[in-house]
Amino acid sequence: MDKPSGLLSVPGRGEDKQDCLISRAQIEFPELLIVHRLDMSTSGIIIMAFDKDTQRLLSDLFAQREVLKHYTAVVAGKLEHPVGLIDKPMICDWPNRPRQIIDFEKGKPAQTHYETIEYMPEHNTTRLMLTPVTGRTHQLRLHCQSIGHAILGDRLYASPEAMAGAERLLLHATSLSFAHPISGESILIESAPPF
């Protein structure tokens, strides 16, 4: 499924947070189960399963890092190095939840590969392909901000200028590829970013 920005993947706490992708999908397919999640502000591909066994097998692929994930983002500024690896451990900033912080002493390992797709000088922004190695909460958002290039429209991590650069978070789950857990067939799912 292709999740829009601003929609929860699964229900949150409270009556006002019950509208979500899985609830909408279950109207047409009541047996659907969620396999993984995207941040509410992130759009793009989400995998769902029609039964518990398939859900478990697919979830295991994610847990074992056997799913290759690519995201498209638009960030502030021009990167000094067009390709690189951000390797900065992360931990929840408990007093300021749901924010995360970089913490080299207590943080869990977090790595993100990035590659410049295009620099757009008219707005001093860069379109990136982000490939997470790990899957920490807000990893792509925090990693981009930590190298001085926040994702446009990010209400949690961007400067006021970068936050005002877009009406929504410009982060989209663009592709997922993996070996089907039963047949072994190579699966590639793609979704063009809407920005």
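What is the volume of the largest pocket? In this predicted model, the largest pocket has a volume of about 1200 Å³. Of the 41 residues that line the largest pocket, those closest to its centre are L38, D39, R136, T137 and H138. The lining draws at least two residues from each of α2 (52–63), β5, β10 and α3, and by character its residues divide into 18 nonpolar, 12 polar and 11 charged.

Attention turns next to the nonpolar interior. In soluble globular proteins, nonpolar side chains tend to be buried together. The largest nonpolar core of this model comprises 33 residues, of which M48, L130, I151 and L171 touch the most other members. Two or more residues of this core come from each of the elements α1 (21–28), β5 (68–76), β9 (111–120), β10 (125–132), α3 (139–146) and β11 (171–179), and β5, with 4 residues, gives the most. The surroundings of L171 can be described in detail: when its neighbours within four places in sequence are left aside, L171 is in contact with T42, S43, Y71, T72, A73, L130, L140, R141, I151 and F195. Apart from the largest core lies another, made up of 11 residues, among them V35, L61, V67 and F178.

The structure also holds 4 salt bridges, among them two that involve R141, a residue of helix α3. In one of these, R141 is paired with D39, and the closest N and O atoms are 3.5 Å apart. Because R141 belongs to helix α3 whereas D39 lies in the loop between β2 (33–34) and β3 (43–45), this pair ties together parts that are 102 residues apart in sequence. The two partners differ in their exposure, since R141 counts as buried at 5% relative accessibility, while D39 is partly exposed, with a relative accessible area of 23%. D39 is also one of the residues closest to the centre of the largest pocket.

In the other salt bridge, R141 is joined to D154, with the closest N and O atoms 2.8 Å apart. This pair likewise links distant parts of the chain, with R141 in helix α3 and D154 in the loop between α3 and α4 (160–163), 13 residues apart. Both R141 and D154 are buried. Through these shared partners, salt bridges join D39, R141 and D154 into one network. R141 is, in addition, one of the residues in contact with L171, itself among the members of the largest core that touch the most others.

A further salt bridge is formed where the side chains of K17 and D16 meet, at a distance of 3.5 Å from N to O. Here K17 is partly exposed, with a relative accessible area of 38%, and D16 counts as exposed, at 64% relative accessibility.

Finally, the position of T125 may be considered. T125 is found in strand β10, and because its relative accessible area is 8%, T125 is classed as buried. Not counting residues up to four places away in sequence, T125 touches V74, V75, G77, E118, Y119, M120 and L152. By contrast, T125 and I189, which are 64 residues apart in sequence, lie 27 Å apart in space, C-alpha to C-alpha.

Notes
Residues numbered from 1 in each chain as written. Predicted model: local features only at pLDDT ≥ 70, side-chain atom pairs only at ≥ 80, totals over all residues. Heavy atoms only, no water. Core = buried A, V, L, I, M, F, W, Y, C linked by side-chain atoms within 4.5 Å. Buried < 20%, exposed > 50% of the residue type's maximum accessible area, 1.4 Å probe, protein only. Contact = heavy atoms within 4.5 Å. 1 Å grid on protein atoms, 1.4 Å probe; cavity = no way out; pocket = protein on both sides within 12 Å on 5 of 7 lines; lining within 4 Å. Points joined across faces, edges and corners; volume = space filled by probe spheres on them. Nonpolar A, V, L, I, M, F, W, Y, C, P; charged D, E, K, R; others polar.
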